[in-house]
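Reader: Could you walk me through this one? I'd like to begin with a single residue and then work outward.

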Amino acid sequence: MKRKIFLLSLFICLCFSCRNSSKKSSGFVFPEADAVPISEAEKLSPEAIADISKNISSPVEIANLLQTLEIPFSQSYLASSIDANKQNTNVDKALKLGILGADLGYLNMYERTGSSLDVLSSIRKLSEDLKVDQFFDFESIKRLSKNKSNLDSLLFISIDSYSQIDNYLRTNDRGHLSALMIIGVWLEGQYLATQVASQFPDKSLCDRIGEQKIILNDLLLLVSPYCNRDSEFTVLCKDLQEFKEKYRDVKITYTQGDPVSVEKNGGLVITQTETSVVEMSKEQLTDIIEITKSIRNSLIIK
Amino acid sequence: MKIYFISIFILMSGILSYGQAVDQLVNNCVMNAGTDAKYLKDFRIELGKASGKNELRYKANMSLWKNTKYRFSMCNSSDSKGELILNIKDNTNKVVLSSFNQKTGKIYPFIDFICNKSGIYQLNFDFTDGQQGSGVGIVSMIR
């Protein structure tokens with residue numbers, strides 16, 4: 001009898017321990033505090049800040065996703081109303097430089113060379129005003145824009161120019177302008193994705209929008225040291241906090257698995273079997289689309 | 001005074017030619033990533049000889065997104081003693097890919113990674129056996 005009770009207990013224990021090792025791992029949550037304390041952000045090392053700036057997803061990736069989904073190009077998504085000659089402060093100029101950088105990526109991916117030359121001239125003006133034009137090889141970008149066969153060179157030279165500006169600003173005590181440029185790039189990529197999702201609510205696109213929760217905290221970390229710098233930064237920080245609020249209840253969970261690899265053409269192809277799963281209601285998505293549109297439009301009409 | 005200027009000139013020439021060599025290496029690596037690859041980022045790595053065999057020394061973070069196929073291409077400069085290798089860890093510190101097979105010693109010049117879990121990943125680069133070297137890692141998207 002004792003033996004039977006022992007075996008029964010063992011069986012129950014095993015059952016529960018199996019349930020605990022569920023394949024679903026814990027999801028992504030924002031850190032406990034609602035806002036990142038400024039003192040914490042100030043402690044970030046230059047390497048950590050450089051890492052954050054590299055984390056932000058490229059608008060080229062968003063444009064690539066749109067092309068994969070066969071979403072047609074639309075001029076209406078672009079920040080055409082930005083007049084580079086009417087930007088008064090460096091804050092405005094750096095934000096717009098980022099926004100136009102994202103538009104340039106979108107145009108390049110869709111090979112809209114005529115429009116990209118217009119955007120390029122605005123980028124040139126803003127970068128001259130911010131004294132970072134030395135990192136743009138405008139003539140090469142123009143030449144490559146006209147030659148559609150060199151898309152990869154065009155992407156490389158455009159993205160590399162922005163990376164160099166970012167690095168230069170951070171290492172020359174103008175980190176606040178680098179942060180603004182990065183936020184501008186992200187915001188415009190987010191605008192592009194949300195505008196398309198409002199017309200073509202494809203699951204993978206909506207997931208990508210939900211997944212931006214992962215890097216939103218990094219954006220806040222990046223801008224936090226400057227929130228009290230002036231009124232423009234204070235407004236921007238408030239806007240990003242509003243974004244965070246809209247994302248608070250978006251859930252990202254993960255399932256586990258081991259990668260599968262095969263050799264192919266001298267390289268290795270690895271398929272990840274772990275997955276991330278986004279749980280976002282229609283209302284949450286609508287809120288995110290609305291807040292993105294509102295914040296982005298308030299910035300470009302300045 | 002002359003020697004001073006000559007020294008500065010030689011030093012500056014050296015820096016400029018090194019910069020040009022790195023740029024050339026990056027350009028070549030981007031161009032050789034494949035016709036189906038679209039450039040996203042590059043990581044320029046220059047390391048001396050390691051004092052011990054520890055973890056891969058050059059670390060950088062990057063966000064990778066679900067339903068995207070990435071290509072990681074590694075290129076070495078001709079004067080490198082070791083070959084550039086890469087491993088990538090996820091946010092739980094689990095290795096999701098490595099360009100170096102420790103069992104066979106095989107080094108892969110590129111890895112295609114079909115990402116199904118969005119997140120911030122840690123890219124770790126080094127040269128084989130902790131050797132001195134310079135190289136570049138290119139991240140591209142594949143259609």
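Author: Let us start with A:K131, keeping in mind that this is a predicted model. A:K131 counts as exposed, because 12 other C-beta atoms lie within 10 Å of its own and a residue with 12 or fewer is classed as exposed.

Reader: And where in chain A is the place of A:K131?

Author: A:K131 sits in the loop between α6 (113-129) and α7 (138-146) of chain A. Its backbone is worth a look as well, since A:K131 is not a glycine and yet has a positive phi of about 60 degrees.

Reader: What about A:N265, what is its phi?

Author: A:N265 has a positive phi of about 50 degrees, although A:N265 is not a glycine either. That residue is placed in the loop between β3 (260-264) and β4 of chain A.

Reader: Is A:N265 buried or exposed?

Author: A:N265 is exposed, with 9 other C-beta atoms within 10 Å.

Reader: Staying with β4 of chain A, which strand does it pair with, and in which sense?

Author: Strand β4 of chain A, residues 267-271, pairs with β6(B) in the parallel sense, and the pairing runs over four bridges. Within that pairing, A:L268 has B:I111 in β6(B) as its bridge partner.

Reader: OK, so how many residues of the two chains are in contact?

Author: On the chain B side 29 residues are in contact with chain A, and on the chain A side the number is 31. Several strands of chain B give two or more residues to the side that touches chain A, namely β1 (37-47), β2 (58-64), β5 (95-98), β6 (110-115) and β7 (119-127). Of these elements, β6(B) gives the most, with six residues. By class, this side of chain B has 17 nonpolar, seven polar and five charged residues.

Reader: Switching to the open sheet in chain B, what is the order of its strands?

Author: The open sheet has four strands in the order β2-β7-β4-β5 of chain B, and their pairing is antiparallel. Strands β2 and β5 of chain B stand at the edges with a single partner strand each, so one side of each has no neighbour in the sheet. On average, neighbouring strands of this sheet are turned by 25 degrees against each other when direction is ignored.

Reader: How many bridges join β4 of chain B to β7(B)?

Author: Six bridges join β4 of chain B, residues 84-89, to β7(B), and the two strands run antiparallel. As an example, B:K89 has B:Q122 in β7(B) as its bridge partner.

Reader: Back to chain A and its helices: at roughly what angle do α4 and α9 cross?

Author: The axes of helix α4 (residues 59-68) and helix α9 (residues 175-199) of chain A cross at roughly 15 degrees and come within 9 Å. Angles under 35 degrees count as roughly parallel, so α4(A) is roughly parallel to α9(A). The crossing of α4(A) and α9(A) is left-handed.

Reader: Which residues of α4(A) meet α9(A)?

Author: From α4(A) they are A:P59, A:I62 and A:L66, which meet A:V185, A:E188, A:G189, A:L192, A:A193 and A:V196 in α9(A). By class, this contact has seven nonpolar residues, one polar and one charged.

Reader: Last one, what does A:Y168 touch?

Author: Leaving aside residues up to four places away in sequence, A:Y168 touches A:V132 and A:F135. A:Y168 itself is found in helix α8 (residues 151-171) of chain A, and A:Y168 is partly exposed, with 16 other C-beta atoms within 10 Å.

How values were computed
Residues are numbered from 1 along each chain as its sequence is written. Chains are lettered from A and ligands numbered from 1 in the order in which they are written. This is a predicted model: local features need pLDDT of at least 70, side-chain atom pairs count only at pLDDT 80 or more; totals for chains, interfaces and linings use all residues. A residue is buried if 20 or more other C-beta atoms lie within 10 Å of its own, exposed if 12 or fewer, and partly exposed in between; C-beta atoms are placed from the backbone. Two residues are in contact if their C-beta atoms, placed from the backbone, lie within 7 Å. Ala, Val, Leu, Ile, Met, Phe, Trp, Tyr, Cys and Pro count as nonpolar, Asp, Glu, Lys and Arg as charged, and the others, Gly among them, as polar. Two strands pair if DSSP finds at least two bridges between them. Axes are lines fitted to C-alpha atoms, for helices over the stretch in contact, and angles run from 0 to 180 degrees between N-to-C directions. Angles under 35 degrees count as roughly parallel, over 145 as roughly antiparallel, 65 to 115 as roughly perpendicular and the rest as oblique. A crossing is left-handed if the near helix is turned anticlockwise from the far one by less than a right angle, and right-handed if clockwise.
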